[in-house]
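Please open the model in your viewer and keep the selection panel at hand. The tour below goes from one selection to the next and says what is found at each stop.

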Protein chains: 2
Amino acid sequence: MISIAVLGAGRSAGYFIDYTINLCKDRGWRLTIADMQTSHLEKYQADFPSLALMNASLNEQNERLRVIEGADWVVSLLPAFMHVDVAKDCLIKGCNLATASYVSEEMQELGAEAEKKGLIFLNECGLDPGIDHMSAVKIINDLRANGAEIIGYKSYCGGLIAPQFNDNPWKYKFSWNPRNVILAGNGVSTALLDGEIKVIPYHHNFQRPEEILMPDDSAYEAYINRDSLSYQSIYDLEDVKTMVRGTLRYPGYCRAWNILIHLGLTDNSYKYPLSEGMTYKEFLCSFLLGNNHTDIIDSIRQTIGMPDYEQDAIDKVLWTGLNSNEIVPTDTQGSPAAILQNLLEKKWLLKEDDHDLVVMQHQVKFTLEGETKMFVSSLHLEGEGRVSTAMSKTVGLPLAIAVKTLIDNPSKKKGIVIPIYKGIYEPVLEELKSFGVEFSEKVISLSEPVTESKPE
Amino acid sequence: MISIAVLGAGRSAGYFIDYTINLCKDRGWRLTIADMQTSHLEKYQADFPSLALMNASLNEQNERLRVIEGADWVVSLLPAFMHVDVAKDCLIKGCNLATASYVSEEMQELGAEAEKKGLIFLNECGLDPGIDHMSAVKIINDLRANGAEIIGYKSYCGGLIAPQFNDNPWKYKFSWNPRNVILAGNGVSTALLDGEIKVIPYHHNFQRPEEILMPDDSAYEAYINRDSLSYQSIYDLEDVKTMVRGTLRYPGYCRAWNILIHLGLTDNSYKYPLSEGMTYKEFLCSFLLGNNHTDIIDSIRQTIGMPDYEQDAIDKVLWTGLNSNEIVPTDTQGSPAAILQNLLEKKWLLKEDDHDLVVMQHQVKFTLEGETKMFVSSLHLEGEGRVSTAMSKTVGLPLAIAVKTLIDNPSKKKGIVIPIYKGIYEPVLEELKSFGVEFSEKVISLSEPVTESKPE
């Protein structure tokens, strides 16, 4: 009998867990769900009495090994940094693994052993990464099957707040792991632009965002998301002239966030020397040049060396409370990024009835029969509340459906797998439609209109 | 019989090696010097036949263990990243250790075991760190012995080129490890300024250097050197209002280097995607926004977001050849920082007859009998050529003299030691004078002159 073990059952796991409980109940599969606390799932046991719920400290290896004992598939919904430990457990116990997170270097290194043992370690199977890969590769393969030559690829995704629930100047609230938002873009990002490699250091990535218009004319801005270039080989796009993967925000966000980066407030590399009773204003001022900041806006401009920086962006920074006399809680001891995250978690809290919004767009440029065109594929999905977010749905369902798909039709590829194979992406994308996760598609002609000279 | 083993005998080791050979010869101590190649030292064996020279691959542990076998003291002149390996060897073989480098976290962790074994691991005993610690703590202790209260401490040091040998617009040449110069200031730096903690992110550290005037009215500029705050407890300066440790350059350097930092060219965290036949211009342009950089100066200004950035600083950047059509050598594959280092090593080469310059200044503010004064202590030492540099002298001699001192009078403090103890700094500073390494000192009154109101 197939047995699945799920590690982590936090609030954002709802869609995954609902789907997987129904699946295992229907198929008669064994399902174990483990977390610090699982009592909120007991209600499912009435209909599905064999559902095993385990309260376990999943940061301890012996507890994890106990949970995954006998499982064919282990799904890790734990924080991304724990996936490698879980992967090692899976190698010990001979389990397949599924996560929605990026393949880390350490994970990559475990791939060879997984492959040798005939195990699949499925990763990057959520929204971004996940649905982005699946929908992109499907477009690319379908266009090529029709004889098209792909010449450019741009793809953008954002986890935002639905416009009618925007009630702060950043037009942003946390619909997913706040830590990832605080550290977004850290390190270097890369892209290919009209044939030129572009290397974008962290402190430039938010400085000049690209403007993006969706089919409904809603406007967004994008910063480059990690190492776009590495997806050229993954997507089989070695010959394109443009390769960009970006993350979307509402207009105005990036220029304001750029200030926090420039001041050093998103640095996660050292423990800030926080003193007892320090205020947020004192914390902020420690990053500013000189003393006696009577004009805080001017001090910020002087410090970042951009004397004309728009007031609107600086106002967003001050709105966070960074200029207030409130005391920085000492239990947020840690990096500047950790202190900033603690502050923003209060300010950017998704309220009970807020709807989040997931937006994704691929722009695939191609030539076919001498014409240059662009295939534009867009996803626009609104959530239904603080728990039933579009984010939780688009991260959880692809993962759950992919695990079902791989159990029904095990992939020949073992070791590290991401969902760029037809055997995974076709059934997953198809089934997602029944949950309302569906792209709208259109093709735009980019060829110059031929202007015929009319003889007088 | 005392036995000393020296690991590394590169050109910059000259002063250390000369001193130590004479010392061991006079005292009848055993001396072993090991490096890839030691034939240039054979000339000393005529006078000192027991001098042992070993050609060894010092990156291999078994070779190092063979060299240090039986040594009471091991001196590592190897690159700083190798000191921890050498320290582990010393724990195995029961040897004391001396280096001129900063105590790394890993070195710190080995301290407890060294202490347990009764071994001294002397570090930070060169110029900066080294002479700076010794001279600072001497001033502080002497002032306090006279009843003074220390209220502020600033200290600056630079390894530069003597003014008459300045022949490039940066007024800089490498007189020591180029890698340290390229990566200087990486990470966060801290200082205390009029009672306020200052946290300086990398991309601000060179943006607004402090201007420094030496007693001879020569002008320099300074950026903050690492974590100044941590030296408050080391120097016993917990109550000062100002605590700054800075690195000196000639005026104009920092604003130009700031551009390289902002563009991302000093990033050492990833392998740059260098392609065969890529020119420096293409390399540079990959860090610039957009394509078609017909006006490179404007492109740089736009990219760093500072449209008024002074042309003079940008000209320095272009002088390096970063805008040339020369091919980037593929054997410099590595990080942007490694590519930049390779380029600058050619441009900033110290010529055979060039004299380098070591400059150091402490500014210690204190109150005594109601008056506020500043003790200013300055070192200004010119080198004698490409081999006999002031840098090599001021790094090598303190280390050599300190080892002699600790052999003659073993310190009671075991484990990690830096030269802030009277038993070390007094004899070392005293003996350095005989080599021309001597500070000039003066005291400046800072108290407001009392203006008496004269009755009309």
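Begin by selecting chain A and chain B together: in this predicted model, the area buried between the two chains is about 2,800 Å², and carbon and sulfur atoms give 53% of that area. Next, pick out A:Val199, A:Arg208 and A:Asn291, which together supply 19% of the area that chain A buries against chain B, more than any other three residues.

Now widen the selection to the whole contact, to which chain A brings 35 residues and chain B likewise brings 35 residues. If you look for polar links across this interface, the rule finds 22 residue pairs in polar contact, with both residues at pLDDT 80 or more, whereas the count of salt bridges found between chain A and chain B is zero.

Turn then to the side of chain A that touches chain B, where the elements giving two or more residues are strand E9 (196-200), helix H7 (202-205), helix H9 (253-263) and helix H11 (296-304) of chain A. Of these, select E9(A) with some care, since it gives the most to that side, with four residues. Coloured by class, the side of chain A that touches chain B shows 17 nonpolar, 13 polar and five charged residues.

Finally, colour by confidence: chain A has a mean pLDDT of 94, and 98% of its residues reach 70 or more. Residues 450-456 of chain A, however, stay under 50 in pLDDT, and the model has zero contacts for them beyond four places in sequence. For the complex, the predictor gives an ipTM of 0.82 and a pTM of 0.87.

Note on methods. Residues are numbered from 1 along each chain as its sequence is written. Chains are lettered from A and ligands numbered from 1 in the order in which they are written. This is a predicted model: local features need pLDDT of at least 70, side-chain atom pairs count only at pLDDT 80 or more; totals for chains, interfaces and linings use all residues. Side-chain values use heavy atoms; hydrogens and water are left out. Contact means heavy atoms within 4.5 Å. Buried area is the accessible area (1.4 Å probe) that two parts lose on being put together, summed over both. A salt bridge is a side-chain nitrogen of Lys or Arg within 4 Å of a carboxyl oxygen of Asp or Glu. A polar contact is a pair of N or O atoms within 3.5 Å; within protein, one must be able to donate a hydrogen and the other to accept it, and residues adjacent in sequence count only if both atoms are side-chain atoms. Ala, Val, Leu, Ile, Met, Phe, Trp, Tyr, Cys and Pro count as nonpolar, Asp, Glu, Lys and Arg as charged, and the others, Gly among them, as polar. pLDDT is the predictor's confidence in each residue, from 0 to 100.
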